[in-house]
Amino acid sequence: MYRPRAFEVNDSAVLRKFIQDRSFATIAVAAADRVHFAYAPVVVDGEGRGRARFHLAQQNPVCALADGALVQFSFLGDDAYISPDWYESKTLVPTWNYSVVEASGIAQKLDRAALRQLLVDLSAQHEARLLPKPPWLIDKVPEPRIEAMLTAIEGFEVPLGRLEGKFKLSQDKSEADQTSAITGLETRGDARSVAVATKMKIWRSGA
């Protein structure tokens, strides 16, 4: 992706945490002069840049293309419109702030045991975010139902060979303009705008 220096993020620890927190990706595979997209929750684990594991319905065309192919991921975070009326400077134009991380690697199809483990890990990852609710466990599902589900889906593991981020958070603006944009987003008050304002404050503080 296009990454002006002001918005470029390359710290693998920061990027890995971002995609683990977001954990939902647009997945792309190119074949026969077309790009095919899928959308799925992703488990990111392993050492270094890590690996991404995901599953799709067996009938999804991406399943027939992914095994052994280069798979690309886009993890888009919160985004929000920035009105120039919010800035202290009066010569600026509208823009959009957002955070995104892209990753890629060669996909390998999971065997049945690894696919089942993916389902366990995926639900555990998200059930942990619902504490103190007792976690849902796969053993609550009758075994015949699990076997039928495993037959209807395919899973993949992708060791991540590329991981890069773009956090467009008004870093190219003056501190006064950043502050006034944050105030504008917080005043707007919707969840995405507030989340972007928070990200802007965190990123500006260097935390």
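Author: Two strands are said to pair if DSSP finds at least two bridges between them, where strands (E, at least two residues) and helices (H or I, at least four) are DSSP runs numbered from the N terminus. The model is predicted, so local features need pLDDT of at least 70 and side-chain atom pairs pLDDT 80 or more, while totals for chains, interfaces and linings use all residues. Residues are numbered from 1 along each chain as its sequence is written, and side-chain values use heavy atoms, with hydrogens and water left out.

Reader: How do you know that strand E7 and E10 are paired, and in which direction do they run?

Author: Seven bridges join E7 (residues 95-106) to E10 and the two run antiparallel, so the requirement of at least two bridges is satisfied. Within this pairing Glu 102 stands opposite Glu 164 in E10. Strand E1 (residues 8-9) is also joined to E10, by two bridges and again antiparallel, with Gly 165 of E10 as the bridge partner of Val 9.

Reader: What makes E10 largely enclosed by the rest of the structure?

Author: Six of the seven residues of E10 are buried, and that is why the strand is described as largely enclosed; buried means under 20% relative accessible area, computed with a 1.4 Å probe on protein chains only. Over the whole chain of 207 residues, the buried ones make up 42%.

Reader: Why is the aromatic pair of Phe 18 and Phe 167 called tilted?

Author: Rings of Phe, Tyr and Trp (its six-membered ring) pair if their centres lie within 6.5 Å, and planes under 30 degrees apart count as stacked, over 60 as edge-to-face and the rest as tilted. For Phe 18 and Phe 167 the centres are 5.4 Å apart and the planes meet at 35°, so the pair falls between the two limits. The pair links distant parts of the chain, with Phe 18 in helix H1 (residues 12-22) and Phe 167 in strand E10 (residues 162-168), 149 residues apart. Phe 18, at 11% relative accessibility, counts as buried, and so does Phe 167 at 0%.

Reader: What makes Phe 73 and Phe 75 a stacked pair?

Author: Their ring centres are 6.1 Å apart, with 25° between the planes, so both values lie inside the limits for a stacked pair. Both residues are buried, and together with Phe 54 and Phe 156 they form one aromatic cluster.

Reader: Why is H3 described as roughly perpendicular to H4, and at what angle do they pack?

Author: Helix H3 (residues 112-127) and H4 pack at about 110°, with axes 11 Å apart. That angle makes H3 roughly perpendicular to H4, because 65 to 115 degrees counts as roughly perpendicular, whereas under 35 is roughly parallel, over 145 roughly antiparallel and the rest oblique. The axes are lines fitted to C-alpha atoms over the stretch in contact, with angles from 0 to 180 degrees between N-to-C directions. Contact itself means heavy atoms within 4.5 Å, and the residues making it include Leu 115 and Leu 119 of H3 and Ile 146 and Leu 150 of H4. Helix H4 (residues 143-152) also lies across E5 and strand E9 (153-159), running at about 60° to E9.

Reader: Which strands stand at the edges of the sheet E4-E5-E9-E8, and why?

Author: The four strands form an open, antiparallel sheet in that order. Strand E4 (43-45) and strand E8 (108-109) each have a single partner strand, so one side of each is left without a neighbour. Three bridges join E4 to strand E5 (residues 51-57), and Val 43 stands opposite Arg 53 in E5.

How values were computed. Buried means under 20% relative accessible area, exposed over 50%, partly exposed in between (1.4 Å probe, protein chains only).
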